[in-house]
Amino acid sequence: MSDRAGQACALTVLAPIERGRQDLLRTLLQGLPTGAESPLARAPGTHFARWVVVPQLVYQGPPQKRDELDLAYLMFTSNFDGPLEPYLDALCGPMGEAADAIWGCCIGWPGLGDPASAKAYLLRNRLATSLFVAGYPQARLPEVLRALELRERVTRFAIGAQGQGAESLALAWRQEFGGP
Amino acid sequence: MSNVEGKARAITVLSPVRPGWPLWLHGLFFAGTHLTFSLKKLQQLSFIHYARWAIVERRWPGGDRPRGKRQRYRYLLFESNFNGSWDEYIDAFSEVVPTRIRLIWGSSYGFPGPLPVEPFKAYIRKNELPIDHYYSAYPAATTTEVISALEVARAFESFIARSRGLAGADFKRSYEDFLFEVQHHL
C-alpha cells in the first residue's frame, strides 16, 4: 500500500449505493455548492477531492467477458495533509450534514450521530492506493495557500518598486512586508 | 457534473485488468513507490498536482456487508488532478512516458497502446467516469505556480533573515539578490 507521498495522503472510498437512490445521489452531488462553499472546504487539509458515481462497468468487447456490478457505487477520492485519522475525524465532523446526506445514500452508512462507526465505515470501504504521485509532497495546505498569496504580493511589489532608490525601496518594503 | 474547478482538471479512469496481470501490476507499483528513479519521469510532468493508481480487487467493498459481489475481473483505477486541457494531458502522457503507460495500462483489456495517440484518447474517453462533484482548495493555481510559490516563500524567509538590520544601499543589494533568486518564479 502506498497511500503517502511525503506528508501528502491519498484516500479512496468505494461504497455501494442503495438500490433506487443513484439518481437522487447524483442530483445531490451535482447540486452541491462549489469552490470555497463546497462541503469539502470544511475538511481541513483537503487539496483536491471528488465524488464520482460509478453506475456500471464498461465492457471492452471480446476477448473480455461481460462483467457487471449488482449495485452502483459511490467513489470518493481525496488528496490531503496526512495523517489519515484526523482527516477522517474532519470528514465525519465539520462536513456534518453534507456527509450524512451523501453517504446516507450508501448501504449501511451508520450516520454521523455515531462518528466512530462512520469512521469505521469509511475505513472498511477504503481502497489501498498502489502508486501515489504528488507534485509538491512536503507542502501542507496552509503552507501552499500562504505561499501563493506571498508570491502575488512579492510580484506586485517587484513590479511597483522598479527603478526606486535605495531609501525609498527599503521604506516601501517595510510598508508592505514589515521590518527590517 | 464537472471535471473542472478553475485551472484544475480531474480525470478518473476505471479499466478491467486481464487475468494474470494483477501480480505484475503489484510488482510494478511496488517498484514505482520504492525505486525513486521510476517515479522521476512522472514527477517531471509538471502539470500534475496529485495522481494515483489503485487496484480494485474482485470483491468490491460491501458497505456494511462483509464483502460486495465478486466481479469477474480486477479493475485498475487511475485518478489525476492536473492543469491544462484534457487533450494536452493525454498527449503528454503518450509522448513523455509511453513506456510507463504501456507497462501500466497494457494490463487492461482494450488498451490500444499509447501511440498513436488518437486510439489511446478514445480508450481513455470510453473508460473515463464523469465526476459529480470536484473540489480544489486553490483552483486559481497551476502546479507550476504552486511549486514556484513555495520557492518564493523559501527564498523570502531567507531574505528576511539576512536583510535584518540592513538599510539603504545594503538593503537594496540584498533585495536585488533575492529578486534574482526568485525571478523565474514570479
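Helices (H or I, at least four residues) and strands (E, at least two) are DSSP runs, numbered from the N terminus. This is a predicted model, in which local features need pLDDT of at least 70, side-chain atom pairs count only at pLDDT 80 or more, and totals for chains, interfaces and linings use all residues. Residues are numbered from 1 along each chain as its sequence is written, while chains are lettered from A and ligands numbered from 1 in the order in which they are written.

**Exercise 1.** State how many helices and strands each chain has, and their order.

Solution.
- Chain A has 6 helices and 6 strands, in the order β-β-α-β-β-α-α-α-β-β-α-α.
- The radius of gyration of chain A, taken over C-alpha atoms, is 22 Å, well over the 16 Å that the globule rule gives for 180 residues, so chain A is more spread out than a compact globule. The globule rule is 2.2 Å times the number of residues to the power 0.38.
- Chain B has 7 helices and 5 strands, in the order β-β-α-α-β-β-α-α-α-β-α-α.

**Exercise 2.** Give the extent of chain B and set its radius of gyration against that of a compact globule.

Solution.
- The C-alpha trace of chain B spans about 75 × 40 × 35 Å along its principal axes.
- Its radius of gyration is 22 Å, whereas a compact globule of 186 residues would come near 16 Å.
- For chain A, the corresponding spans are about 75 × 45 × 30 Å.

**Exercise 3.** Locate the domains of each chain and the separation of their centres.

Solution.
- Domain bounds come from an automatic or database domain assignment.
- In chain A, domain 1 covers 4–127 and domain 2 covers 141–177; their C-alpha centres lie 41 Å apart.
- In chain B, domain 1 covers 4–127 and domain 2 covers 143–185, with C-alpha centres 39 Å apart.

**Exercise 4.** Describe burial in both chains, then the surroundings of A:Tyr73.

Solution.
- A residue is buried if 20 or more other C-beta atoms lie within 10 Å of its own, exposed if 12 or fewer, and partly exposed in between, with C-beta atoms placed from the backbone.
- Buried residues are 41% of the 180 in chain A and 40% of the 186 in chain B.
- A nonpolar core is a set of buried Ala, Val, Leu, Ile, Met, Phe, Trp, Tyr and Cys residues joined through C-beta atoms within 7 Å. The largest holds 103 residues, of which A:Tyr73 and A:Leu74 touch the most other members.
- Two residues are in contact if their C-beta atoms lie within 7 Å. Beyond its neighbours within four places in sequence, A:Tyr73 contacts A:Leu14, A:Ala15, A:Pro16, A:Ile17, A:Val54 and B:Trp60.
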